[in-house]
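I wanted a short record of what I looked up in this model. The entries follow the order in which I went through them.

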Amino acid sequence: MAIVRFEDLPTLLRHDQRIIGIDFGDKMIGVALSDTRRKIASPLKTIESKRLRVDLDHIVNIIEEFDVGAIVVGMPYNMNGTEG
């Protein structure tokens with residue numbers, strides 16, 4: 001399910017579920033994880049991108065391990081501010 005309005009998110013999650021942030025790059029994938037109160041997110045790990053299926057399996061494992069209820073995907077921008 002995709003969420004259009006960020007304001008709707010809290011009503012769709014259990015009170016202790018986390019949010020994962022994913023930043024896809026050409027060679028690396030950055031993963032950040034919120035605390036259970038969803039007040040702050042901290043870097044969790046950097047994944048070396050291999051193949052889509054392998055990368056997705058790795059992300060799914062993280063989602064299951066940390067009881068993630070929502071995913072935020074970063075929009076890639078180039079150093080000059082244009083979309084990547």
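**Entry 1: strand 1 and its partners**

I began with a bridge partner: Ile 19 is matched in strand 4 by Ala 70. I took the strands, like the helices, as DSSP runs numbered from the N terminus (E, at least two residues, for strands; H or I, at least four, for helices). Two strands count as paired if DSSP finds at least two bridges between them. The model is a predicted one, where local features need pLDDT of at least 70 and side-chain atom pairs count only at pLDDT 80 or more, while totals for chains, interfaces and linings use all residues. Residues are numbered from 1 along each chain as its sequence is written, and side-chain values use heavy atoms, with hydrogens and water left out.

I then noted how strand 1 is joined to strand 4: five bridges, with the two strands running parallel. Strand 1 and strand 2 also have five bridges between them, but run antiparallel. Asp 23 has Gly 30 of strand 2 opposite. The connection from strand 1 to strand 2 is a hairpin through three residues.

**Entry 2: the whole sheet**

In what order do the four strands lie? I found 3-2-1-4, in an open sheet with mixed pairing. Strand 3 (41-48) and strand 4 (68-73) are the edge strands, each pairing on one side only. From one strand to the next the twist averages 25°. For angles, axes are lines fitted to C-alpha atoms (for helices over the stretch in contact), and values run from 0 to 180 degrees between N-to-C directions.

Strand 2 (residues 28-34) and strand 3 run antiparallel and are joined by seven bridges. I looked up one pair there: Ala 41 in strand 3 stands opposite Ser 34.

Helix 2 (residues 52-65) lies across strand 1 (18-24), strand 2, strand 3 and strand 4. Its direction is at about 150° to strand 3.

**Entry 3: two residues of strand 1**

Is Ile 22 buried or exposed? Ile 22, which lies in strand 1, is buried because its relative accessible area is 4%. The classes I used are buried for under 20% relative accessible area, exposed for over 50%, and partly exposed in between (1.4 Å probe, protein chains only).

I listed the contacts of Ile 22, leaving aside neighbours within four places in sequence: Ile 29, Gly 30, Ile 59, Ile 71, Val 72, Val 73 and Gly 74. Contact here means heavy atoms within 4.5 Å. Ile 22 and Val 72 are 50 residues apart in sequence, yet 6.2 Å apart in space, C-alpha to C-alpha.

Phe 24 also lies in strand 1, but Phe 24 is partly exposed, at 39% relative accessible area. Phe 24 belongs with Ile 71 and Val 73 to a nonpolar surface patch of about 280 Å² accessible area together. Patches take residues with over 30% relative accessible area and no salt bridge; like charges are joined within 9 Å, and nonpolar side chains (Val, Leu, Ile, Met, Phe, Trp, Tyr) within 5 Å. The areas come from the Shrake-Rupley method with a 1.4 Å probe, and for residues only the protein chains shown count as cover.

**Entry 4: salt bridges**

How many salt bridges does the structure hold? I have five, a salt bridge being a side-chain nitrogen of Lys or Arg within 4 Å of a carboxyl oxygen of Asp or Glu.

One of them is between Asp 57 and Arg 53, with the closest N and O atoms 2.8 Å apart. Both residues lie in helix 2, four residues apart, about one turn of the helix. Asp 57 is partly exposed at 35% relative accessibility, whereas Arg 53 is exposed at 52%. Elsewhere, salt bridges with shared partners join Arg 14, Asp 16 and Asp 67 into one network. Within that group, the side chains of Asp 16 and Arg 14 meet at 3.6 Å, N to O.

Arg 37 and Asp 35 form another salt bridge, at 3.7 Å, N to O. Arg 37 is exposed, with 61% relative accessible area.

**Entry 5: positive phi**

Most residues other than glycine have a negative phi. I noted Asp 67, whose phi is positive at about 50°, in the loop between helix 2 and strand 4. Arg 38 has a positive phi of about 60° and lies in the loop between strand 2 and strand 3. Both are partly exposed: Asp 67 at 31% and Arg 38 at 25% relative accessible area.
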